[in-house]
Amino acid sequence: METITLNNGVDMPMLGFGTYQISDPVMCERCVVEAAGIGYRLFDTAQAYGNEEAVGAGIRKCGVPRDQLFITTKVWFKSYETDAARASLQESMRKLGVDYLDLVLLHWPFGNTYAVWRVLESMHKAGVIRAIGVSNYAPSQLIDLISFNEIIPAVNQIETHLLAQQHTLHALMRKYGVAHQAYAPFGQGRADEMFTLPIVEEIASAHGKSARQVALRYLLQRGIAVIPKSTHPERMAENMDIFGFALTDAEMVKLEGVDTNKPLIGNPQDAALAEFAMTW
């Protein structure tokens, strides 16, 4: 498994297993066990997903030693006050059945982000969290957090795929040493829209790969970590099989050309999305 070295020296797998919307506990546990058997070592969950216990059960049953796994969770913004943040993280570790976390992210840039960030900083210094980062942070929000706190986020997990390639934010993150991790690399239900593009089909055919594999490979070659989700073992294996080929420079340029620069689901600057999130 290829890894990326985060800004604090921690190595993170470039490919992980996402668990968003796998809410059924039996299915979630099964998927984690199957994914681990296929070779996944990074498992991404969140307090808001409601499946930390099922992910933890799968981790315990998968047979892979804890020190070979990379476990990520995210703090929900309604738990960003200092005491609530500490309590929520202790609860996350209880549900996951672990005594430390590899990566903890702020799920959205809402609420008392300074208070929760300083909780994460203190837990990182205490060795309870190996790396801390953010999710869904736009450029101005990322710069603000970096400027007024001690630890620079190790990761910004943002919606990134062929139709929303995030070039401007990616360049800013490189400037500050923040790793780019892509969620929804297949567009969260909009896969057909990107995978039936003639250029994507052409490149996939040239390599004897699927359009999904080309989409993931494109992100990896840009230095972007990915966390695709699937509940089907054959698709999990397909998503894992992206390290044995490489796209040419010309193919990379062609795929860059399909970018619409418009996130489909995770734009933190979208007022309607922010208002909706406040009701959760």
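# Definitions behind two pockets, a helix contact and an aromatic pair

User: β8 (155–159) and α6 (167–176) each supply at least two residues of the lining of the second largest pocket; what makes a residue part of a lining?

Analyst: A lining residue has an atom within 4 Å of a pocket point. Such points lie on a 1 Å grid over the protein atoms alone, and a pocket is an open set of them with protein on both sides within 12 Å along at least five of seven lines; a cavity, by contrast, is a set where a 1.4 Å probe fits but cannot get out. The elements are DSSP runs, helices being H or I of at least four residues and strands E of at least two, numbered from the N terminus. The model is predicted, residues are numbered from 1 along each chain as its sequence is written, and local features need pLDDT of at least 70. Side-chain atom pairs count only at pLDDT 80 or more, totals for chains, interfaces and linings use all residues, and side-chain values use heavy atoms, with hydrogens and water left out.

User: What volume does the second largest pocket have, and which residues are closest to its centre?

Analyst: The second largest pocket holds about 230 Å³, a volume being the space filled by probe spheres set on grid points joined across faces, edges and corners. Of its 15 lining residues, A138, P139, Q166, L169 and P263 are closest to the centre.

User: How do you know that α1 and α2 are in contact?

Analyst: Contact means heavy atoms within 4.5 Å. By that test P25, C28, E29, V32 and V33 of α1 meet A54, V55, A57, G58, I59 and K61 of α2. These residues divide into eight nonpolar, one polar and two charged. Ala, Val, Leu, Ile, Met, Phe, Trp, Tyr, Cys and Pro count as nonpolar, Asp, Glu, Lys and Arg as charged, and the others, Gly among them, as polar.

User: Why is the F77 and F110 pair called edge-to-face?

Analyst: The search of the whole structure finds eight aromatic pairs. In one of them, F77 and F110 lie 5.4 Å centre to centre with 90 degrees between the planes. Rings of Phe, Tyr and Trp (its six-membered ring) pair if their centres lie within 6.5 Å; planes under 30 degrees apart count as stacked, over 60 as edge-to-face and the rest as tilted. Both values therefore meet the edge-to-face criteria.

User: Why does this pair tie together parts that are apart in sequence?

Analyst: F77 lies in the loop between β5 (70–75) and α3 (82–96), and F110 in the loop between β6 (101–106) and α4 (113–125), so the parts joined are 33 residues apart in sequence.
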